[in-house]
Amino acid sequence: MPTVPLKVKHLWYRLEGNFLFMPAIMAVGAIVLSVTTIMIDNSFLIEEDAVRWLLYSGEADGARAVLSTIAGSMITVAGVVFSITIVVLSLASSQFGPRLIKNFMNVKTNQMVLGTFVATFIYGIIVLRTVNAVPQETFVPGLSVTTAMVMSLGSLGVLIYFIHSVSESIQAQHIIARVRHDLEKAVDRIFPEKLGQAEGPSHGPITREYDIPATCDRQVCQVKAATSGFLQSVDNDALMQIAVESDLLIHLGYRPGNFIIGGGVLVTVWPGEKVDQALSDKINAVFILGTERTLEQDVEFAISQLVEIAVRALSPGINDPITATTCVSWLGASLCQLANRKLPASHRYDSQNRLRVICKVFTFEGMLDAAFNMIRQNAYTVPAVSISLLETIGAVLAQTRRPKDRAALLRQAAMVAEGCKLNLSADDDRKDLERRYQVALDASAQREAQ
């Protein structure tokens, strides 16, 4: 089965996250529906009483009035919905951080609501132009007018649902759960293999030192980045194909989420004498850079969103430790998910078992630090959050299977305990922290014994 090119996937990812994507699709659907119903009205004369009573049977002037009212009201309500959405985005940006705006824009409910009103407006306008009130050429599309009335009633229900959805979407727990859901999907997409499954072809064998050429540190060429921006995605298959076709060893020092400066070193290629301008352009085309981080291949981006919510909640201006502990709990759930996933190897081999690509990869320790470092540093004087950190670390330790992952968790727990000892003044708070720290140590010991 042929694979979808990365650029196509990237384009689809951007379109799907665009706030106008679904409204545009629904608008096109409204145009198709209007043309279809008008053709039916033109082609068939419905005479059966059992059916005719369901359709609009008024005069042309009445039909024009109904359609004009529907179209005018729909575009007015669409403007109100758009205004409410902007207000919600402003509140979310100020309270939870500007990087969460995209999460609100990606909510399919908001896109569907706006699309419903726009589609009903477009449908009404198109049908309205077909109603002819000239006596000798009177045409009243009964089915089309009835469909417009049904769509307007449905839009009323959608408006009520939208008000309910907005009232929920500005609550902290729903925002956190939505970000966690995005993080869970990103982990499933980027790290699909669970521990215990067979190794995939991209992992290759265990790295051997003699696979790296002896002259790899000298006979190399540095390929420069054509533009600046955040690395959003890498076409790993295309990069491997370039390395195989040109018989190269490519070393990539960046991973998705890192910022790359134009003119800086993008990759290092061995042997360097094979690199020319055409090959440099071909390698640059493998990398997609943008002005912002995305969840396309950057799992740490969703982690940083939860961290931002927690750190803002711990700021003196907000002082909301409950929200911070909620973020810690969801981060712990994600770390448990990651602890049971197979992380990709940094050394990639071709089908002939030859080392072709060395890349910078995500590690459990790196994602753990991204999840807890900033929260820990801002929670030394907040016992409730520090206790939540230690309890979460203990829960993750109970599900961690790799020894190096347990070592990283224990290091994080030790930093939490040590920092709180120095910053907490109440003896009872320090004792609570010590008890939670001991529970984490016991959980690690039990896991080691299994």
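This is a short tutorial dialogue about backbone oddities, salt bridges and cysteines in a predicted model.

Biologist: Let's start with the backbone. Which peptide bond is cis here?

Modeller: Look at omega, residue by residue. In this predicted model, the bond from Trp270 to Pro271 is cis, and its omega is near -5°. As for where that sits, Pro271 belongs to the loop that runs between strand E5 (265-270) and helix H10 (277-284).

Biologist: And phi? Which residues other than glycine have a positive value?

Modeller: Two to look at are Asp247, with phi near 55°, and Asn319, with phi near 50°. Both are loop cases. Asp247 is in the loop joining helix H9 (236-245) to strand E3 (249-252), while Asn319 is in the loop from helix H11 (299-314) to helix H12 (321-339).

Biologist: How exposed is each of them, Asp247 and Asn319?

Modeller: Read the relative accessible area against the cut-offs: exposed is over 50%, buried is under 20%, and partly exposed falls in between. Asn319 comes out at 57%, so Asn319 is exposed. Asp247 has 32%, so Asp247 is partly exposed.

Biologist: Now salt bridges. How many does a search of the whole structure find?

Modeller: The count is 16. To read one, find the closest N and O atoms of the pair, then ask where the partners sit along the chain. Asp247 turns up again here: Asp247 pairs with Arg356, and their closest N and O atoms are 2.8 Å apart. This pair connects distant parts of the chain, since Asp247 is in the loop between H9 and E3, Arg356 is in strand E8 (residues 355-358), and 109 residues separate them.

Biologist: Is Arg356 buried or exposed?

Modeller: Arg356 has a relative accessible area of 5%, so Arg356 is buried. Its partner Asp247 is the partly exposed residue from before, at 32%.

Biologist: Which residues are linked with Asp247 in a network of salt bridges?

Modeller: Lys274, Asp350, Arg354 and Arg356 are linked with Asp247 in that network. When you trace a network, follow the bridges from partner to partner instead of stopping at one pair.

Biologist: What about a pair within one helix? Where do Arg312 and Glu308 lie?

Modeller: Check the sequence spacing. Both are in helix H11, 4 residues apart, which is about one turn of the helix. Their side chains meet in a salt bridge at 3.6 Å, N to O. Arg312 has 27% relative accessibility and counts as partly exposed, whereas Glu308 has 12% and counts as buried.

Biologist: And a pair between helices? Which parts does the salt bridge of Arg411 with Glu365 tie together?

Modeller: In that bridge, the closest N and O atoms are 3.3 Å apart. Arg411 is in helix H15 (residues 403-423) and Glu365 is in helix H13 (residues 364-378), so the bridge ties together parts that are 46 residues apart in sequence. Both partners are partly exposed: Arg411 has 32% relative accessibility, and Glu365 has 39%.

Biologist: Last topic, the cysteines. How many disulfides does a search of the whole structure find?

Modeller: The search finds 0. You can still read accessibility for individual cysteines. Cys327 has a relative accessible area of 0%, so Cys327 is buried. Cys420 is at 1%, so Cys420 counts as buried too.

How values were computed. Residues are numbered from 1 along each chain as its sequence is written. This is a predicted model: local features need pLDDT of at least 70, side-chain atom pairs count only at pLDDT 80 or more; totals for chains, interfaces and linings use all residues. Side-chain values use heavy atoms; hydrogens and water are left out. Helices (H or I, at least four residues) and strands (E, at least two) are DSSP runs, numbered from the N terminus. Buried means under 20% relative accessible area, exposed over 50%, partly exposed in between (1.4 Å probe, protein chains only). A salt bridge is a side-chain nitrogen of Lys or Arg within 4 Å of a carboxyl oxygen of Asp or Glu. A disulfide is a pair of cysteine sulfur atoms within 2.5 Å.
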